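Work through the exercises below with the sequence and the model open side by side. Each task is followed by a solution in steps.

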Amino acid sequence: MTDKTTTRTVICRLDELQDPDSRGMTVTHDGQLQDIFIVRQGGQVFGYLNSCPHTGGPLDWVPDQFLNLDRDYIQCATHDALFRFRDGECVAGPCKGDHLTVVPVRIEAGDVVLLADVPDLSNS
Ligand code: FES
């Protein structure tokens, strides 16, 4: 059995984001390039794959714009599905009840950090 090590990648500073705000990016996660986005709300940050559960397409219609006009939900640009910040659940739209795929992020000393488990090959 291979152990896992958690890697930390700094994505940006929390104070680079407004409140609330969103930002998209391409990162190496779980060994592959993936399009993700983060949402800041107060002192919290949430991360999700940029893939709508309705069709698998991206949610943003312009770079870094993932929120609705009231900036209280994530909104898919294709068919206007709305998702909660805290858990990515779709609360309105064609995929109601489905969830965005969580990408683990956290705030460490003012940095927004992406966490990823990678195999630890040092013992093999
Ligand atoms: S592709 Fe997102 S709601 Fe249809």
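**Exercise 1. Two hairpins**

Which residue in β3 is the bridge partner of D21? Then follow the pairing through to β4.

Solution. The model is predicted, so its local features need pLDDT of at least 70 and side-chain atom pairs count only at pLDDT 80 or more, while totals for chains, interfaces and linings use all residues. Residues are numbered from 1 along each chain as its sequence is written, and side-chain values use heavy atoms, with hydrogens and water left out.

Step 1. The bridge partner of D21 in β3 is R40. Strands here are DSSP runs of E with at least two residues, numbered from the N terminus, and two strands pair if DSSP finds at least two bridges between them.

Step 2. Nine bridges join β2 and β3, and the sense is antiparallel. The two strands make a hairpin with two residues between them. In its turn, D30 has a positive phi of about 50°.

Step 3. β3 also pairs with β4, antiparallel, over six bridges. Two of the matched positions are F37 with Y48 in β4 and Q41 with Q44 in β4.

Step 4. The β3 and β4 hairpin again has two residues between the strands. G42 lies in this loop and takes a positive phi near 60°. With a relative accessibility of 24%, G42 counts as partly exposed, because that class lies between buried (under 20% relative accessible area) and exposed (over 50%), with a 1.4 Å probe and protein chains only.

**Exercise 2. The open sheet**

In what order do the three strands of the open sheet lie? Identify its edges.

Solution.

Step 1. The order is β5-β6-β7, with antiparallel pairing.

Step 2. β5 (74–75) and β7 (90–92) are the edge strands, since each pairs on one side only.

Step 3. β5 and β6 (residues 82–83) are joined by two bridges. One matched position is Q75 with L82 in β6.

**Exercise 3. Nonpolar cores**

How many residues has the largest nonpolar core? Trace the contacts of F83 as part of the solution.

Solution.

Step 1. A nonpolar core is a set of buried Ala, Val, Leu, Ile, Met, Phe, Trp, Tyr and Cys residues joined through side-chain atoms within 4.5 Å. The largest one has 16 residues. Those with the most contacts inside this core are F37, L59, I74, F83 and L100.

Step 2. β3 (32–41) and β4 (44–49) are the elements that give two or more residues to this core.

Step 3. Contact means heavy atoms within 4.5 Å. Leaving aside neighbours within four places in sequence, F83 is in contact with several residues, among them C52, P53, L59, I74, C90 and L100.

Step 4. Another core lies apart from the largest one; it has 13 residues, including C12, I36, I38 and V103.

Step 5. I11 is found in strand β1 (residues 3–13). Not counting residues up to four places away in sequence, I11 touches M25, I36, I38, V105, V112, V113 and L114.

**Exercise 4. The largest pocket**

Which residues line the largest pocket? Check the backbone of R71 and D80 as well.

Solution.

Step 1. The lining is L59, W61, Q65, F66, L67, N68, L69, R71, Q75, C76, A77 and D80. A pocket is an open set of points on a 1 Å grid over the protein atoms alone, where a 1.4 Å probe fits, with protein on both sides within 12 Å along at least five of seven lines; lining residues have an atom within 4 Å of a point.

Step 2. By class, the lining has seven nonpolar, three polar and two charged residues.

Step 3. The volume is about 190 Å³, taken as the space filled by probe spheres set on the points.

Step 4. R71 lies in the loop between β4 and β5 and has a positive phi of about 60° although it is not a glycine. R71 is partly exposed, with a relative accessible area of 30%.

Step 5. D80 lies in the loop between β5 and β6, and its phi is also positive, near 70°. D80 is partly exposed, with a relative accessible area of 46%.

**Exercise 5. A cis peptide bond**

Where is P20 found, and what is the peptide bond from D19 to P20?

Solution. P20 is found in the loop between β1 and β2 (21–29). The peptide bond from D19 to P20 is cis, with omega near 0°.

Note on methods
Helices (H or I, at least four residues) and strands (E, at least two) are DSSP runs, numbered from the N terminus. Ala, Val, Leu, Ile, Met, Phe, Trp, Tyr, Cys and Pro count as nonpolar, Asp, Glu, Lys and Arg as charged, and the others, Gly among them, as polar.
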